[in-house]
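I opened my notebook to look around inside one protein model, one spot at a time. Come along and keep the picture beside you as you read.

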Amino acid sequence: MTTTTDHHDHDHDHHGPAKGIGRWLFSTNHKDIGTLYLWFSFAMFFLGGIFAMVIRAELFQPGLQLVDPAFFNQMTTMHGLVMVFGAVMPAFVGLANWMIPLMIGAPDMALPRMNNLSFWILPFAFALLASTLFMEGGAPNFGWTFYAPLSTTYAPPSVTYFIFAVHIMGASSIMGAINVIATILNMRAPGMTWMKLPLFVWTWLITAFLLIAVMPVLAGVVTMMLMDIHFGTSFFDAAGGGSPVLFQHVFWFFGHPEVYIMILPAFGVVSAIIPAFARKKLFGYSSMVYATASIAFLSFIVWAHHMFTVGIPFAGELFFMISTMAIAIPTGVKVFNWVTTMFRGSLTFETPMLFSIAFVVLFTIGGFSGLMLAVAPADFQYHDTYFVVAHFHYVLVPGAVFSIMAAVYYWLPKWSGRMYNETMGKVHFWLSFIGVNVTFFPQHFIGLAGMPRRIPDYAVQFADFNMVSSMGAFLFGSSQLLFLFIVIHTIVAGKKAPAKPWDGAEGLEWTVPSPAPFHTFSTPPKVD
């Protein structure tokens, strides 16, 4: 078998005259579909960002100023839903589509027609979700976790459309995950053994199993909601013998693995980038694989740490506290390995590396605040305050989002054949880095001081930190327009990329069948 992976030209993939828009509508080519996912997620990133700007503008000062409180609640809900299901997850699926076949030496994904379907149902799902903003009674206003009975008994009529949209997104995710698993299991090049898989491929394989396990649970919980709303059941209605707490158990059994679905592929991305710019092999490859699998397993037995305040038994608090803390161990292994990979490497600090280093540092901060939240008696103080908001945004923005940005800068030369402008990339990084920290670091303080989440107004003592937070948010949000400009400018007018854009470091990840030799760098050679 040849070792080249690029022989799947667009021309050979389309039967008949698929030109123009037809090329994109009917494409079964993994690169086209990866590109579609990435652009779609970029669009959703901006939509979710606009919702976030409304939230931060409202909270710029105390005293109602901009929007109706009901609309504020719609914004918090839509921001969370669009960012999680529309921006982060499709971006990682796009990266999987583009890179997994190249990394394992496969000509395409295993199920190309299903690949097309799993993408094209997404725009309809999010058009449906966004359309609820214009419906009578407004968009869903019950938070992205849509707790019953707020989302069943007291919900606006648009909740039915929201439920349908969630079903469509879930179907897309399940099809994408099946495709990833089928591809990795069946289409590896000869010699590409399990322990030679690039870590990005490993993290996605494990993520795909998580998706298949938990998306049906999400489908189940929204179906139970639908029955409660329209068909007279009482799953979550205490008056009919149901339990609102049941909703939380079922939702978080999906929701906790979901947050790992959003971070495991990020681990894979930085595990590809850090070795490249350190000019060293990744330290502790096998421990990274086992750590990823451990995190995935543990993610299933920690769900009730979101529920310490509902009155679970003491033994339950103890179990969920200890199992949650246990996740810190494999996560610590990963951070140690990334730092050790950089240690005494021939480091250079191009934009992908800057985003990756920021990922390691800031994701670790998010991990530490998560450890604090895991302490059950302390969580009674933290729960539903801005401390929780600060925690999960430190995991999701400098975590998931920064890793996606790092991946775009790192692989854009491979995707487009052109180099981005390094100076502009660095400017984008520093604006984003400062913006994220100015936005979310103060939220730890207002949270510990007692400011609750999901409120359109607040007491005057929280005013200063909220103003700082909003200013950081506007900085971060507006600097993403620069990111958009950089990507388009690269594709349209970038300089032609050299064969090895990262000084010989790039290309390690998809050399088939065995990892590249490390003595080919023009930087100081590694002494064997």
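**Entry 1: the largest cavity**

I am working with a predicted model. I began with the walls of the largest cavity, where I found Tyr37, Phe85, Met89, Pro90, Val93, Leu122, Met169, Ser172 and Ser173. How much volume does the largest cavity have? I got about 90 Å³.

Next I asked which helices build the lining. H4 and helix H6 (159–186) each give at least two residues to it. The largest share, 4 residues, comes from H4. I then sorted the lining by character: 7 residues are nonpolar, 2 are polar and none is charged.

A reminder to myself on how such spaces are found: rolling a probe the size of a water molecule over the atoms shows where empty space is left.

**Entry 2: the second largest cavity**

How many cavities of 30 Å³ or more does the structure hold? I counted 2. The second largest holds about 60 Å³ of space.

Its lining is made of Met89, Phe92, Val93, Ser173, Gly176, Ala177, Trp204, Thr207, Leu211, Ile261 and Pro265. Here H4, H6 and helix H7 (199–230) each supply at least two residues. The lining divides into 8 nonpolar and 3 polar residues, with no charged ones.

I noticed some familiar names. Met89, Val93 and Ser173 line the largest cavity, and Met89, Val93 and Ser173 also line the second largest one.

**Entry 3: the nonpolar core**

I looked up the largest nonpolar core and found 164 residues in it. Those with the most contacts inside this core are Phe85, Phe146, Phe162, Trp204, Trp338 and Trp411. Which helix gives the largest share of this core? It is helix H4 (residues 69–104), with 22 residues.

Two of these names tie back to my earlier pages. Phe85 is in the lining of the largest cavity, and Trp204 is in the lining of the second largest.

**Entry 4: Ile33**

I picked Ile33, which sits in helix H3 (residues 30–58). Buried or exposed, I wondered about Ile33? Its relative accessibility is 1%, so Ile33 counts as buried.

Leaving out residues up to four places away in sequence, Ile33 touches Ser27, Thr28, Asn97, Pro112, Asn115, Asn116 and Phe119. I also checked its distance to Met175: the two are 142 residues apart in sequence and 14 Å apart in space, C-alpha to C-alpha.

**Entry 5: helix H11**

I tested the length of helix H11 (residues 314–326). With 13 residues at 1.5 Å a residue, H11 should span 18 Å, and its end C-alpha atoms are 18 Å apart, so the two agree.

Which residues of H11 are buried? I listed Gly316, Glu317, Phe320, Met321, Ser323 and Thr324. A rule helped me read that list: an α-helix has 3.6 residues a turn, so residues three or four places apart point the same way. The buried residues of H11 pack against helix H10 (285–298), helix H12 (328–342), helix H13 (351–374) and helix H14 (376–382).

**Entry 6: helix H12 and Asn337**

H12 got the same test. It has 15 residues and reaches 21 Å from its first C-alpha to its last, close to the 21 Å expected. Its buried residues are Pro330, Thr331, Lys334, Val335, Asn337, Trp338, Thr340, Thr341 and Met342. They pack against helix H9 (264–278), H10, H11 and H13.

I stopped at Asn337, which lies in helix H12. Asn337 has a relative accessible area of 3%, so I noted it as buried. Not counting residues up to four places away in sequence, Asn337 touches Phe283, Gly284, Ser287 and Met288. Asn421 is 84 residues from Asn337 in sequence and 30 Å from it in space, C-alpha to C-alpha.

**Entry 7: the backbone in the loops**

What is phi of Arg344? It is near 60 degrees, a positive value in a residue other than glycine. Arg344 comes just after H12, in the loop between H12 and H13. With a relative accessible area of 76%, Arg344 is exposed.

Asp384 also has phi near 60 degrees. Asp384 is in the loop between H14 and helix H15 (386–416), and at 39% relative accessibility Asp384 counts as partly exposed.

My last look was at a peptide bond: the one from Ala148 to Pro149 is cis, with omega near 5 degrees. Pro149 is in the loop between helix H5 (112–131) and H6.

Note on methods. Residues are numbered from 1 along each chain as its sequence is written. This is a predicted model: local features need pLDDT of at least 70, side-chain atom pairs count only at pLDDT 80 or more; totals for chains, interfaces and linings use all residues. Side-chain values use heavy atoms; hydrogens and water are left out. The expected span of a helix is 1.5 Å times one less than its number of residues. Buried means under 20% relative accessible area, exposed over 50%, partly exposed in between (1.4 Å probe, protein chains only). Contact means heavy atoms within 4.5 Å. A nonpolar core is a set of buried Ala, Val, Leu, Ile, Met, Phe, Trp, Tyr and Cys residues joined through side-chain atoms within 4.5 Å. On a 1 Å grid over the protein atoms alone, a cavity is a set of points where a 1.4 Å probe fits but cannot get out, and a pocket is an open set with protein on both sides within 12 Å along at least five of seven lines; lining residues have an atom within 4 Å of a point. Grid points are joined across faces, edges and corners, and a volume is the space filled by probe spheres set on the points. Ala, Val, Leu, Ile, Met, Phe, Trp, Tyr, Cys and Pro count as nonpolar, Asp, Glu, Lys and Arg as charged, and the others, Gly among them, as polar.
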